[in-house]
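These are my notebook entries on a single protein model. I set down what I looked up, entry by entry.

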Amino acid sequence: MRSTSAATALAVLFSSAALSVVAAGPASAASAVVTQPVGLVADGALQRVFVADQDNGRILATDYSGTLVDVNVGFGRPSDLALSDDGLTLYAVLPTTHEIVAVDAATLDVRTRYDLGAGVDPREAAFAGGRLWFSYRTTDESGFHGNLGVIDPAAPDAAAAVTLGQLPEGVAPYYNAGILDADPSSPGLLAFHDSGDRAGAINLLDVSGATPQVVAKTDSDRWTLDIDLMPGASQVLWNGYRKLNYADGAFTEVAGLTETGWHGDVSPGGLIAQAYDRHVNIYKAGSATPVRRFDAGTSSMGEVTWAPDSSRVFALAGNSDNTYTLKAFTGPALSVPTLTVNAPASATRAKQLTVTGKLTANVPFAAGTRLTVTRTDLESPNGKALPAVTVKADGTYSFTDTPPAGGKVKYTVKYAGDAEHTAASASDTVEVSRATTSLSLNNNGKLYSYGTDVKFTAHLGTTYKNRSVEIWADPFGGDKPKKLIRSGTVNSDGNIAAWVDMTRDTAVTAVFKGDARYKPKTVKVTAYAKVKVSTAVSRHYKTAKIGTRTYYWFRKSTDPLLTTTMTYYPGRQQRFDLQVYYQGSWYSADSQYFPLGTNGKSAVTLEAPGESGIRARMRSVYVNGSSGDSVNSTTYGSWKYLYFSN
C-alpha cells in the first residue's frame with residue numbers, strides 16, 4: 001500500500017508510530033522519527049532525503065528541510081539504500097526477499113526488481129562507475145561467505161543485469177557481507193570492508209573496467225563500522241574520525257580528527273560531517289578541529305549524510321526511547337561565534353557608562369570586524385542605533401554611552417556574520433536611575449453613608465513627559481473585581497478626579513506609570529461605606545408621643561413585628577438590639593443575629609410582655625465581621641420605640 005497524499009501518508013505513519021518529522025537549526029520542518037533507520041541518502045537533483053525504516057519495511061522521503069513528502073511500504077526489512085549518480089533512481093537492498101529493487105526517486109514507485117537468487121542475502125549497495133555494486137552473503141555447510149555483486153542498469157533485462165562473485169583476487173571475506181562506499185567525484189572507485197561489523201581488511205577497488213581491481217588494501221585487523229572516500233585526495237575516512245592514505249597498493253594511517261566518531265560522511269568539497277554521541281561535528285578540509293558542532297539527539301547518533309551541494313547536513317539523532325529523529329542542519333560549514341556583552345548592573349541617568357564584551361570563534365575573524373550596537377529604553381522602545389564598534393585583535397571591544405532615559409536600558413550588540421561565520425547577537429541590561437515624584441490621593445479613612453457619590457482626587461507632582469494617572473476602584477468582597485474608573489492627563493494643577501458610588505468599603509488606587517526620568521508610583525487609600533438599613537414596625541394600634549418621643553403603642557398581649565430592610569450580601573445577618581426603660585434609664589436586655597433573605601429583609605417578632613406600662617426600644621445593626629461579611633462598615637439603624645398599654 002502506498003500514497004502520495006500527505007494526509008494519507010501521515011495517517012499511515014501515525015498508526016504505527018514509526019515516523020514523525022522535526023526541524024533543526026535555521027531550517028523549519030515537521031518531525032521525523034524512525035524506529036530502525038538504514039541507508040540515509042540525499043538527492044541533489046530532487047532535493048530530497050531518503051531513509052529506510054527497517055522495522056516497518058518502508059522508504060520515506062522528505063524535502064531538504066526534513067518535511068515528509070512521500071512514503072512507500074511493503075519492502076520487508078530493507079538493509080540499505082543507494083542513489084544513482086543522476087539522482088533519479090533509488091536502489092533498495094532487500095535481504096528477506098533476496099533482491100534489490102530500483103525505485104523512482106520522484107514517486108517512490110518500484111520500477112525494476114532484480115532477483116539475486118535463493119540464498120543470496122544482500123547487505124549494502126553503492127553506485128560507482130555507472131553501475132550498482134552490492135555486498136552479499138551466502139551460506140553453506142562450511143558457514144557464511146561474503147562476496148560482491150554488480151547490477152548494470154543498462155542491461156536489456158533484469159536477469160541479465162545481475163552479476164555475482166565480483167570479488168577480485170586477494171579479497172576473501174571470511175564471515176559477513178561487506179561495507180561499501182562510493183563517491184560521485186571518484187566515479188571509478190569503490191571502498192569495501194570485507195567482513196562487515198567485524199575485524200577485516202579495508203579494500204579500495206577500481207570498478208571502472210570490466211572486473212574490479214584492487215587499488216589498495218589494509219591488514220585484516222580493522223574493525224569497521226563506516227568507510228568514506230575523501231574527494232580530491234588519496235584517502236579514506238575510517239569510522240568517522242581516522243584517516244588512511246593509500247598509495248602503491250597499501251594504506252597508511254595519518255593524523256585523524258580530534259573528536260572520536262562512529263559515522264561520517266564527506267561532502268564533494270571535502271567537508272566532513274562526523275556523528276558521535278549526541279552531536280554532529282563539522283570539519284573543513286585539512287582541519288582536525290571542528291568548525292561547528294550541532295547538538296542533535298538525546299542518545300547515540302545514527303548515520304549522517306551531506307546534501308550534494310554542501311548546503312546542509314542530515315543526521316539521524318538517537319532518542320531515549322530507542323528511535324531516531326531525522327534532523328536537517330543548514331549552514332553547516334559556518335563557524336558559530338560566541339558574543340558577550342557586559343554592562344554595569346546599575347548606572348546614573350545622564351552619566352557616561354562603559355560596556356565591554358568579546359567576540360570569539362574557532363575560525364579567526366578578519367581584521368577590523370565591526371559590530372552594530374542598539375540601545376533600547378523608554379525613550380526609544382524600538383531601539384536606537386549607536387555608533388558601530390570595532391573588534392580588537394584579541395576579540396574584545398568596548399564603547400561608552402550616556403543614557404538619556406532611566407529605567408531598564410538594554411544594549412544589544414550584533415555581528416552580521418560573513419562567509420565563514422554565522423551571525424551572532426547578545427545583550428545586557430542596565431538599571432538606570434530615575435527621580436521620584438509625589439503622588440497623593442484624598443479621602444483615606446473616611447466613612448460615608450450607603451450610596452454616596454464620592455469624588456477622589458489624585459495629585460501628581462513633577463514629572464518629565466508622562467502626565468497621565470490611572471485611578472482604580474476595588475470594592476471589598478470577592479464578587480466584584482478591581483476596575484479602572486479613570487485614566488487621563490492631570491490638569492494644570494496636577495489633579496485628576498474620579499467618582500465612586502460608595503456602596504461598599506473600597507480601596508482606591510492612583511497609578512503613575514513613570515517616564516524616562518521619573519519612577520512609577522502608586523498610592524492607595526481606603527474609604528468606608530455603611531449599609532443601607534431601615535426597620536418597619538407593625539401590629540401596633542396607634543402612634544403617640546410620650547414626652548417628646550414618638551412611640552408605637554401595643555396592647556400588653558400583642559407581639560410587635562419588626563421588619564428590617566438591609567443591603568443584601570450572601571450570608572449576611574442583621575443584629576437586633578433590645579433595650580428596656582426603667583426608672584429614667586435605658587438598659588440592654590438582649591442582642592441577637594437574624595439572617596437576611598435574598599430580598600434583604602429580616603422579620604422578627606418580639607414577645608409581648610403581658611404587662612402594661614412597659615417601654616422598650618429596638619434597632620437593627622450591621623456589624624463588620626460579626627454579621628457574616630466584611631464588605632461594609634458597621635452601621636447602626638435608628639431606634640424604634642415601643643410602648644405596651646393595658
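**Entry 1. Burial and surface**

I began with burial: of the 646 residues of the protein, 49% count as buried. I worked throughout with a predicted model. For the surface, I noted about 28600 Å² exposed, with carbon and sulfur atoms supplying 48% of it.

**Entry 2. Overall form**

I then looked up the secondary structure and found 57 strands and 2 helices. I compared the radius of gyration, 44 Å, with the 26 Å that the globule rule gives for 646 residues; the former is well over the latter, so I recorded the protein as more spread out than a compact globule. Along the principal axes, I noted a C-alpha trace spanning about 140 × 65 × 40 Å.

For contacts with a separation of 6 or more, I found that residues 24 or more positions apart account for 52%.

**Entry 3. Charges**

I looked up the charges next: there are 60 positive and 59 negative ones, and their mean positions lie 27 Å apart. Side chains of opposite charge can pair when their charged atoms come close. I therefore searched the whole structure for salt bridges, given that general rule. The search returned 16 salt bridges. I examined several individually.

**Entry 4. Aspartate 401 and arginine 375**

The side chains of arginine 375 and aspartate 401 form a salt bridge, at 3.0 Å from N to O. I placed arginine 375 in strand 35 (residues 370-376) and aspartate 401 in strand 37 (residues 396-401), so far as the chain is concerned 26 residues apart and in distant parts of it. I found both aspartate 401 and arginine 375 to be buried. I also noted that Arg375, Asp377 and Asp401 are joined into one network by salt bridges that share partners.

**Entry 5. Lysine 408 and glutamate 431**

I asked which residue forms a salt bridge with lysine 408. The partner is glutamate 431, and the closest N and O atoms are 3.2 Å apart. Lysine 408 belongs to strand 38 (residues 407-415) and glutamate 431 to strand 39 (residues 424-432), so the pair ties together parts 23 residues apart in sequence. I recorded lysine 408 as exposed because its relative accessible area is 59%, over the 50% cut-off. Glutamate 431, at 36%, is partly exposed.

**Entry 6. Arginine 575 and aspartate 577**

I looked up a further salt bridge, between arginine 575 and aspartate 577, whose closest N and O atoms are 2.8 Å apart. Both arginine 575 and aspartate 577 are buried.

**Entry 7. Arginine 572**

I located arginine 572 in the loop between strand 51 (561-566) and strand 52 (573-582). Is arginine 572 buried or exposed? I recorded arginine 572 as buried because its relative accessible area is 1%, against a cut-off of under 20%.

I then listed what arginine 572 touches, not counting residues up to four places away in sequence: Val531, Met566, Thr567, Pro595, Leu596, Tyr622, Ser627, Asp629, Val631 and Asn632. I also took one long distance: from arginine 572 to valine 51 is 73 Å, C-alpha to C-alpha, with their positions 521 residues apart in sequence.

**Entry 8. Positive phi angles**

Most residues other than glycine have a negative phi. I looked up two residues with a positive value. Aspartate 277 has a positive phi of about 55° although it is not a glycine. I found aspartate 277 in the loop between strand 26 (272-276) and strand 27 (279-283), and its relative accessibility of 34% makes it partly exposed.

Asparagine 443, likewise not a glycine, has a positive phi of about 75°. I placed asparagine 443 in the loop between strand 40 (439-441) and strand 41 (447-448). With a relative accessible area of 8%, asparagine 443 is buried.

**Entry 9. Aspartate 219**

I closed with aspartate 219, which lies in the loop between strand 19 (213-217) and strand 20 (222-223). Aspartate 219 counts as partly exposed, at 43% relative accessibility. Which residues is aspartate 219 in contact with, leaving aside its neighbours within four places in sequence? I found Gly200, Ala201 and Ile202. Phenylalanine 329 is 110 residues from aspartate 219 in sequence, and I noted a C-alpha to C-alpha distance of 37 Å between the two.

Technical notes: Residues numbered from 1 in each chain as written. Predicted model: local features only at pLDDT ≥ 70, side-chain atom pairs only at ≥ 80, totals over all residues. Heavy atoms only, no water. Helix = DSSP H or I, 4+ residues; strand = E, 2+ residues; numbered from the N terminus. Rg over C-alpha atoms; globule rule 2.2 N^0.38 Å. Buried < 20%, exposed > 50% of the residue type's maximum accessible area, 1.4 Å probe, protein only. Contact = heavy atoms within 4.5 Å. Areas by Shrake-Rupley, 256 points an atom, 1.4 Å probe, with all protein chains shown as cover. Lys, Arg positive; Asp, Glu negative; His and termini not counted. Charge placed at Lys NZ, Arg CZ, Asp CG, Glu CD. Salt bridge = Lys/Arg side-chain N within 4 Å of Asp/Glu carboxyl O.
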